Amino acid sequence: MKKTISLLALLILFSCGKENVIPTDFTFNYNIHSSLPSEWESEFYTIMNNLDDKIKILPKDYSYEMDIYAWNSTADKPYKDQIGDDGGAMISGNRRAINGKYMVLEIPASEFDNDQMHRYSVIAHEYFHVYQMSLSKTFYDHDIELKWMSEGGATTIESMYIQQYYNYNYFKWDINDVNIAVVNTPSIYETYAASSDKDRNYSSSVFMLLALSKELQKLNYSEEEAFKMIFKDFWLPNPTDGNWKSNFEDIFSITVPDFYQSLSNYDLNADGTIDSTDLNSVLPSETILLQDIFTN
Ligand SMILES: [Zn+2]
């Protein structure tokens, strides 16, 4: 009996102690495969350092470190033993386990052949999803989908990163396939299933997110403040699929139906279609800096 009690006490001690071991910095563990060009590898570390400097991921009790697995698509799933059949670019893994997630960066060989910016921008995209998870446990746990805010956010960050560090307007040249559904049925962009065939390169999700920034600027927020509210403040109260609309109204002082209605104000063609230039009406400033959005 005595033994049981002391064991129990030990267990309690152990579980209490555990809560105090959250490290002060979030850690990424790198698995960068030799199939990747050395130029990419060194740029990868530069990008991760820049992001860590500008968009700080805070360690949480549910997530304070993450493995990254990166390889060239020419290699045949070199990390099969660790991550099975996962490929492409994503945050994968056990959705509710502590530190159960990992980042997958399978870079298509064609992106090296064609010098595509995406081979670098994808790093910022996936990094931003980890940032979102650090703000919001509900996002970490997949209790909120809200694709246009989540993917629109990650894709906007990736575009801003490329704009800031490579002096290339990624919004204009790579995110330019907005679908007219953003005006006719914007709510389909709340889920992947309803919008997957109408959101190439997440252009439509980005259009909606950038339009929200414009609507906030009409309420006299600066451009940097508007993006901070969208990228950070919205996620902090742990919104869920069930309550995000009231959270949206609390944070932005705009109702979701009013916002969706406002999308038709942005630069449609006379025949009601949107063409490939239509991010033009919502493009952010070319001089906006990540560090000015994510201060505080
Ligand atoms: Zn994504």
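User: Before we get to the loops, how are helices defined here?
Analyst: Helices are DSSP runs of H or I with at least four residues, numbered from the N terminus, and the model they are assigned on is a predicted one.

User: OK, so where is N220 found?
Analyst: N220 is found in the loop between α11 and α12, and its phi is positive, at about 75 degrees, although the residue is not a glycine.

User: And is N220 buried or exposed?
Analyst: N220 counts as exposed, because its relative accessibility is 71%, and the cut-off for that class is over 50%.

User: What about N238, where does that one lie?
Analyst: N238 lies in the loop between α12 and α13; this residue, again other than glycine, has a positive phi near 60 degrees. With a relative accessibility of 28%, N238 counts as partly exposed.

User: Switching to α13, which residues are buried there?
Analyst: In helix α13, which spans residues 244–252, the buried ones are W244, N247, F248, I251 and F252. They cover an arc of only 105 degrees around the axis, and therefore sit on the same side of α13.

User: What covers the buried residues of α13?
Analyst: The covering elements include α7 (147–166), α11 (203–218), α12 (223–233) and α14 (256–262).

User: And what phi does S253 take, just after α13?
Analyst: S253 takes a positive phi of about 55 degrees. As general background, a negative phi is what most residues other than glycine have.

Key:
Residues numbered from 1 in each chain as written. Predicted model: local features only at pLDDT ≥ 70, side-chain atom pairs only at ≥ 80, totals over all residues. Heavy atoms only, no water. Buried < 20%, exposed > 50% of the residue type's maximum accessible area, 1.4 Å probe, protein only. Helix = DSSP H or I, 4+ residues; strand = E, 2+ residues; numbered from the N terminus. Arc of directions from axis to C-beta. Contact = heavy atoms within 4.5 Å.
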